[in-house]
Amino acid sequence: MDQRTVLRLATSVPDRDGFPLVDDLHARFAALAAAHPDRVTVTRIGTSRLGEPLHSYRIGSGSHAAVVVGGVHPNEPIGSWTALHLAETMATDTATADALDTTWHVVPTIDPDGMRLNEAWFHDPHDRVRYARGFYRPAPDSQVEWTFPNSHGSVYFDRVLPETLAFMRLIDDTEPELLVSLHNGEMGGVYYYLSEDLPDVIDTLHAVPAALGLPLDTGEPESPYLRAFAPAVFAMEGVEAAYDYLEGLGIDPGEHIHGASSAAWAMRHGALCLVAELPYWSHPDADDQTPTTEPYAHLLRRCADALGASGAELQEVLDAATPMLTIETPFLEGSRAFIPMIGGMTDTDRARADREPAERMATVAERFGCEDLVRCFRLRYGGMLLRALEAETVAGTAPAPLRRLRDRLAERYAVWQADEATGAEPIPISKLVGVQYGAILACAAHVADPTRASRPQLVTTGRTGGA
């Protein structure tokens, strides 16, 4: 499959209205399997923590195996439509399916329990205030993506979740040549993670968002230690890189690192791994490399101070509320994990700033990315803490001081909501799905290319400590 075909398919994705609820998503996949029993086979791969069956849909019978998993972070539902569009295409479009010669193993959502806690904003995903107010993200050691076994330095992690175990089994049973974990970001532009430096694939990864009129995100990277293959395309490296970077800054890596990723597990089988990170909202500053008049080190310190102040406010409310809280909700678990983490992030950024040359000016893209991260974390984790307090007020278990704390946080949160306006524009869902779909096709075409070298042999040490 050549790039022209990938672009044609990526730009032909139908538009969607909102995101599907978990039950609707499952019903659509079940209907696809019932309509195409000769092409689609359903296999139960596990059970969620709240008893939801987890299914994989095997589509086609090509020579190459690909695993595509949605819902790895339950606040990232773009992949729901991508998974469904991929499954429908490979079940009904024989020309496209034959060109890729792939057996697809598609999981609609690997964390249905967590995804249900985000459904309040799925019908209107373009409103950032509504999104943040209904936001839920599990604590790091409760995230499917980051609870694969890990042993590196002082970090040892083996508290594998039931959903993660199902994901692991699927990878081990299929030994895929391609793994796609369906993620998305929030604001800015498009960027990718790729486990190999593949110029032909990267060229298409750049061409797809360009064809859809979306900018690349060339500002502040998600993590400062990332190694770029090309603009907005980063090496998918394991926790070792994060560990060594934090240790080099004099920060204890054990406070920030838990389990390994699905990619680390799949690379044991020699898989090519892809993540396409897509924003809900786009802003021209995300791809603006014009230098500003602000030194980069000053930008880091300024935003660290702003984020640290917001984190301290949230921590104060959480500490005051804790003795009065009686309901152990996922929102409370997440708040207890993420709010203290904000302080650690600010320490890291200040340590980074001390190593930056004073003459290095920040770009417009870097300034936008740093400033919007402050807005993002205020809205996300302020909203989650509000949901934790509201669980008590709605249940009728909140004493008067807790109700007053809730009101105080709601008042402060309203100020942060008013500050979220950046002139960003919501992106049509068809374009977001088109980028993810096109990226999957580009990688699958590379895997299916008969002229490429055979994949590496199974790796049994390194990223997961041989686990």
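# Exercises on helix packing and salt bridges

Helices α13 and α14 are roughly antiparallel to each other, where angles under 35 degrees count as roughly parallel, over 145 as roughly antiparallel, 65 to 115 as roughly perpendicular and the rest as oblique. The model is predicted, so that local features need pLDDT of at least 70 and side-chain atom pairs count only at pLDDT 80 or more, while totals for chains, interfaces and linings use all residues. Residues are numbered from 1 along each chain as its sequence is written, and side-chain values use heavy atoms, with hydrogens and water left out.

## Exercise 1

Characterise helix α13 and its packing against helix α14.

**Solution.**

Step 1. Helices (H or I, at least four residues) and strands (E, at least two) are DSSP runs, numbered from the N terminus. The expected span of a helix is 1.5 Å times one less than its number of residues. For the 32 residues of α13 this gives 46 Å, and the end C-alpha atoms are indeed 46 Å apart.

Step 2. Consider burial next: buried means under 20% relative accessible area, exposed over 50%, and partly exposed in between (1.4 Å probe, protein chains only). By this criterion 24 of the 32 residues of α13 are buried, which leaves the helix mostly covered. Just after α13, G396 adopts a positive phi of about 80°.

Step 3. Axes are lines fitted to C-alpha atoms, for helices over the stretch in contact, and angles run from 0 to 180 degrees between N-to-C directions. The axis of α13 comes within 10 Å of that of α14 (residues 400-418), and the two cross at roughly 155°. The pair is therefore roughly antiparallel.

Step 4. A crossing is left-handed if the near helix is turned anticlockwise from the far one by less than a right angle, and right-handed if clockwise. The α13 and α14 crossing is left-handed.

Step 5. Contact means heavy atoms within 4.5 Å. On the α13 side the contacting residues include R378, L379, G382 and L386, and on the α14 side they include L402, L405, L409 and W416.

## Exercise 2

Determine the orientation, handedness and contacts of the pair α1 and α15.

**Solution.**

Step 1. Helix α1 (residues 3-10) packs on helix α15 (residues 429-448) at an angle of about 150°, and their axes are 8 Å apart. The two helices are therefore roughly antiparallel.

Step 2. Their crossing is right-handed.

Step 3. From α1, the residues V6, L9 and A10 meet G434, Y437, G438, L441 and A442 of α15.

Step 4. Y437 also appears among the contacts of T82, a residue of helix α3 (residues 78-92). Not counting residues up to four places away in sequence, T82 touches L182, V433, Q436, Y437 and I440. With a relative accessible area of 0%, T82 is buried.

## Exercise 3

Which parts of the chain do the salt bridges E163 to R49 and E186 to R380 link?

**Solution.**

Step 1. Side chains of opposite charge can pair when their charged atoms come close. Here a salt bridge is a side-chain nitrogen of Lys or Arg within 4 Å of a carboxyl oxygen of Asp or Glu.

Step 2. E163 and R49 form such a bridge, with an N to O distance of 3.0 Å. This pair joins distant parts of the chain, 114 residues apart: E163 lies in helix α7 (residues 162-174) and R49 in the loop between β1 (40-47) and β2 (53-59). E163 is buried at 0% relative accessibility, whereas R49 is partly exposed at 37%.

Step 3. Between E186 and R380 the closest N and O atoms are 3.1 Å apart. E186 sits in the loop between β7 (178-181) and β8 (187-188), and R380 in α13 (residues 364-395), 194 residues away. Both E186 and R380 are buried.

Step 4. For comparison, take R302 and E294, whose closest N and O atoms lie 2.9 Å apart. R302 is partly exposed at 31% relative accessibility, and E294 is buried at 12%. Elsewhere, salt bridges that share partners join R128, E186, D372, R375 and R380 into one network. The structure holds 29 salt bridges.

## Exercise 4

Describe helix α7 and the contacts that I45 makes.

**Solution.**

Step 1. The 13 residues of α7 reach 18 Å from first to last C-alpha, close to the expected 18 Å. Its buried residues include E163, A166, F167 and L170. E175, just after the helix, has a positive phi of about 45°.

Step 2. I45 lies in strand β1 and is buried at 12% relative accessibility. Not counting residues up to four places away in sequence, I45 touches L54, H55, S56, V107, I110, A166, R169 and L170.
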